[in-house]
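Reader: Got a minute to go through a structure with me? I'd like to start broad and then pick out a few residues.

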Amino acid sequence: MIRISKQEWHNISDSDLIRYVILDERGASAILEIYNKPSNDGYGCRAFLYGLWVDKQLRHRGIGKELLDKCIDITICNGIDALFIEYEKVNHPWILQWYKRNGFMILAKNKNKCLMKKQIQIR
């Protein structure tokens, strides 16, 4: 069962922030942040996925994909057509490949991390 909690902050640097904490009782979680105005980073990062995590013993069962799909649904419900993540190179290389298989592409990178984006079609 997936549980979602929603926290809202208003007027943070002239922007509102909604943070969704998504928990799967089997041992997985994700944090999704939605900003109400486009960023000045040149990419328009308004929906950002942080810390998608699945317990090591539960991997390869589709739980991570379920959480990612839930994040995409929330992003769409907020009227946003792209989801961003930041992959840090200290993580396992298979994580980068998993994001690529799930439709993320690398937008920018440096020696320690890369910014990735998944374009979403709003129905």
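Author: Sure, we can take the overall fold, then the pocket, then some single residues.

Author: One thing up front: this is a predicted model.

Reader: Noted. How many helices and strands are there in the protein?

Author: Two helices and seven strands. Starting at the N terminus, the order is β-β-β-β-α-β-α-β-β.

Reader: And what share of the residues is buried?

Author: Of the 123 residues in the protein, 36% are buried. The accessible surface is about 7,700 Å², and carbon and sulfur atoms account for 49% of that.

Reader: What about contacts between residues at least 24 apart?

Author: Those make up 46% of the contacts between residues at least 6 apart in sequence.

Reader: OK, pockets. How much space is in the largest pocket?

Author: About 550 Å³. Its lining has 25 residues, and L52, W94, I95, W98 and Y99 are the closest to the centre.

Reader: Which elements give two or more residues to that lining?

Author: β4 (47–54), α1 (63–77), β5 and α2 (93–101). β4 gives the most, with six residues.

Reader: How does the lining divide into nonpolar, polar and charged?

Author: You get 13 nonpolar residues, six polar and six charged.

Reader: Switching to single residues. Where is Y87 found?

Author: Y87 is in strand β5, which covers residues 82–88.

Reader: Buried or exposed, and why does Y87 count that way?

Author: Y87 counts as buried because its relative accessibility is 5%, and the cut-off for buried is under 20%.

Reader: What does Y87 touch, not counting residues up to four places away in sequence?

Author: There's a run of partners: H92, P93, I95, L96, N112, K113, C114 and M116. One of them, I95, is also among the residues closest to the centre of the largest pocket.

Reader: And how are Y87 and L115 placed?

Author: They're 28 residues apart along the chain, yet the C-alpha atoms of Y87 and L115 are separated by 6.5 Å.

Reader: Let's try N102. Where does N102 sit?

Author: N102 is in the loop between α2 and β6 (105–109).

Reader: In a loop, then. Is N102 buried or exposed?

Author: Buried: N102 has a relative accessibility of 12%.

Reader: What does the side chain of N102 lie 2.9 Å from?

Author: The backbone oxygen of W98 is 2.9 Å from a polar atom of the N102 side chain. Leaving aside neighbours within four places in sequence, N102 also has contacts with K65, L68 and K118.

Reader: Now H60. What's phi there?

Author: Near 70°, so to speak a positive value in a residue other than glycine. H60 lies in the loop between β4 and α1.

Reader: And why does H60 count as exposed?

Author: Because H60 has 82% relative accessibility, and exposed means over 50%.

Reader: Last one, D24. Which strand is D24 found in?

Author: Strand β2, residues 15–24. D24 is buried, with a relative accessible area of 4%.

Reader: Which side chain does D24 make a polar contact with?

Author: The side chain of R26, at 2.6 Å.

Reader: And beyond residues up to four places away in sequence, what does D24 touch?

Author: M1, I2, I63, E66 and L67.

Reader: Great, that's what I was after.

Methods
Residues numbered from 1 in each chain as written. Predicted model: local features only at pLDDT ≥ 70, side-chain atom pairs only at ≥ 80, totals over all residues. Heavy atoms only, no water. Helix = DSSP H or I, 4+ residues; strand = E, 2+ residues; numbered from the N terminus. Buried < 20%, exposed > 50% of the residue type's maximum accessible area, 1.4 Å probe, protein only. Contact = heavy atoms within 4.5 Å. Areas by Shrake-Rupley, 256 points an atom, 1.4 Å probe, with all protein chains shown as cover. 1 Å grid on protein atoms, 1.4 Å probe; cavity = no way out; pocket = protein on both sides within 12 Å on 5 of 7 lines; lining within 4 Å. Points joined across faces, edges and corners; volume = space filled by probe spheres on them. Nonpolar A, V, L, I, M, F, W, Y, C, P; charged D, E, K, R; others polar. Polar contact = N/O pair within 3.5 Å; in protein donor to acceptor, adjacent residues only side chain to side chain.
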